[in-house]
Amino acid sequence: MDNKNFGLITMRITSGLFFLAFGAMKFMGLSGFADTYLGIFGGAGMFIAFLVAVGETAAGLALLSGYYMKFASYLLAVIMFGSIFIAHNFIIDPSQMMTGLVRVVLVGYYIGLAQLLPNKCLFKK
């Protein structure tokens, strides 16, 4: 296995496990997540929280399984971009500076990962 493939597998597995875990945690505490971070959306906050939880879980599974990895990477970039302004807005709350900046890095990470991953499923010949 060459270094490029090893690097992509490492990025896929760590990201897949991370978002599978965080998506599952959001499902377990969906109303708390919606109230804490999405209260500005009123009644739509719970629906948005559900979409984020589904997106993170599905993207994590996609990266781990090898199916729709490019789409999953772009989806995670969009979720991270949204979290910069909704959950970790360092412009409004300076205490969120580090977590907000980490999200900025993750947006670039997932866009870059999407560019490196193949369009097809890894397991098809």
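**Exercise 1. Work out how the chain's radius of gyration compares with that of a compact globule of 125 residues.**

Step 1. Start with the yardstick: for 125 residues, a compact globule would come out near 14 Å.
Step 2. Now take the value for this chain, which is 15 Å. Keep in mind that we're working with a predicted model.
Step 3. Put them side by side: the chain's 15 Å agrees with the globule value.
Step 4. For another view of the dimensions, look along the principal axes, where the C-alpha trace spans about 50 × 25 × 20 Å.

**Exercise 2. Find out which elements the chain is built from, and in what order they run.**

Step 1. Count the elements: there are five helices and zero strands.
Step 2. Read from the N terminus on, and you get α-α-α-α-α.
Step 3. Pin a few of them to residue numbers. Helix 3 covers residues 44–65, helix 4 covers residues 69–85, and helix 5 covers residues 97–116.

**Exercise 3. Describe the chain's contacts, burial, surface and charges using whole-chain values.**

Step 1. Take the contacts between residues at least 6 apart in sequence: 62% of these join residues at least 24 apart.
Step 2. Turn to burial, where 36% of the 125 residues count as buried.
Step 3. Next comes the accessible surface, about 7,500 Å² in total, with 73% of that belonging to carbon and sulfur atoms.
Step 4. Finish with the charges. The chain carries 8 positive and 4 negative side chains, and the centres of these two sets are 19 Å apart.

**Exercise 4. Sort three residues of helix 3, Leu 61, Thr 57 and Ser 65, into buried or partly exposed.**

Step 1. You'll need the cut-offs: under 20% relative accessible area is buried, over 50% is exposed, and anything in between is partly exposed.
Step 2. Check the addresses. Leu 61 is in helix 3, Thr 57 is there too, and so is Ser 65.
Step 3. Thr 57 has a relative accessible area of 16%, so it is buried.
Step 4. Leu 61 comes in at 45%, so it counts as partly exposed. Ser 65, at 26%, also counts as partly exposed.
Step 5. See what Thr 57 touches once neighbours within four places in sequence are set aside: Phe 19, Leu 20, Gly 23, Ala 24 and Phe 27.
Step 6. Add two distances, both C-alpha to C-alpha. Leu 61 and Met 46 are 15 residues apart in sequence and 22 Å apart in space. Ser 65 and Ile 13 are 52 residues apart along the chain, with 9.1 Å between them.

**Exercise 5. Say what is unusual about the phi of Tyr 68, and where that residue sits.**

Step 1. Locate it: Tyr 68 is in the loop between helix 3 and helix 4.
Step 2. Look at the backbone. Tyr 68 has a positive phi of about 55 degrees, although it isn't a glycine.
Step 3. Recall the general pattern: most residues other than glycine have a negative phi.
Step 4. Check its exposure. The relative accessibility of Tyr 68 is 67%, so it counts as exposed.

**Exercise 6. Look at two serines of helix 4, Ser 73 and Ser 83, and list what each one contacts.**

Step 1. Place them: Ser 73 lies in helix 4, and Ser 83 does as well.
Step 2. Ser 73 has 0% relative accessibility, so it counts as buried. Ser 83 is buried too, with a relative accessible area of 13%.
Step 3. Skip residues up to four places away in sequence, and Ser 73 touches Leu 63, Tyr 110, Leu 113, Ala 114 and Leu 117.
Step 4. Do the same for Ser 83, and you find His 88 and Arg 103.
Step 5. Zoom in on the side chain of Ser 83: one of its polar atoms lies 2.8 Å from the backbone oxygen of Met 80.
Step 6. For a distance across the chain, take Ser 73 and Lys 26. They're 47 residues apart along the chain, and their C-alpha atoms are separated by 19 Å.

**Exercise 7. Decide whether Leu 101 is buried, partly exposed or exposed, and give its distance from Phe 27.**

Step 1. Find Leu 101 in helix 5.
Step 2. Its relative accessibility is 37%, so Leu 101 counts as partly exposed.
Step 3. Phe 27 is 74 residues away from Leu 101 along the chain, and 25 Å separates their C-alpha atoms.

Notes:
Residues numbered from 1 in each chain as written. Predicted model: local features only at pLDDT ≥ 70, side-chain atom pairs only at ≥ 80, totals over all residues. Heavy atoms only, no water. Helix = DSSP H or I, 4+ residues; strand = E, 2+ residues; numbered from the N terminus. Buried < 20%, exposed > 50% of the residue type's maximum accessible area, 1.4 Å probe, protein only. Rg over C-alpha atoms; globule rule 2.2 N^0.38 Å. Contact = heavy atoms within 4.5 Å. Areas by Shrake-Rupley, 256 points an atom, 1.4 Å probe, with all protein chains shown as cover. Lys, Arg positive; Asp, Glu negative; His and termini not counted. Charge placed at Lys NZ, Arg CZ, Asp CG, Glu CD. Polar contact = N/O pair within 3.5 Å; in protein donor to acceptor, adjacent residues only side chain to side chain.
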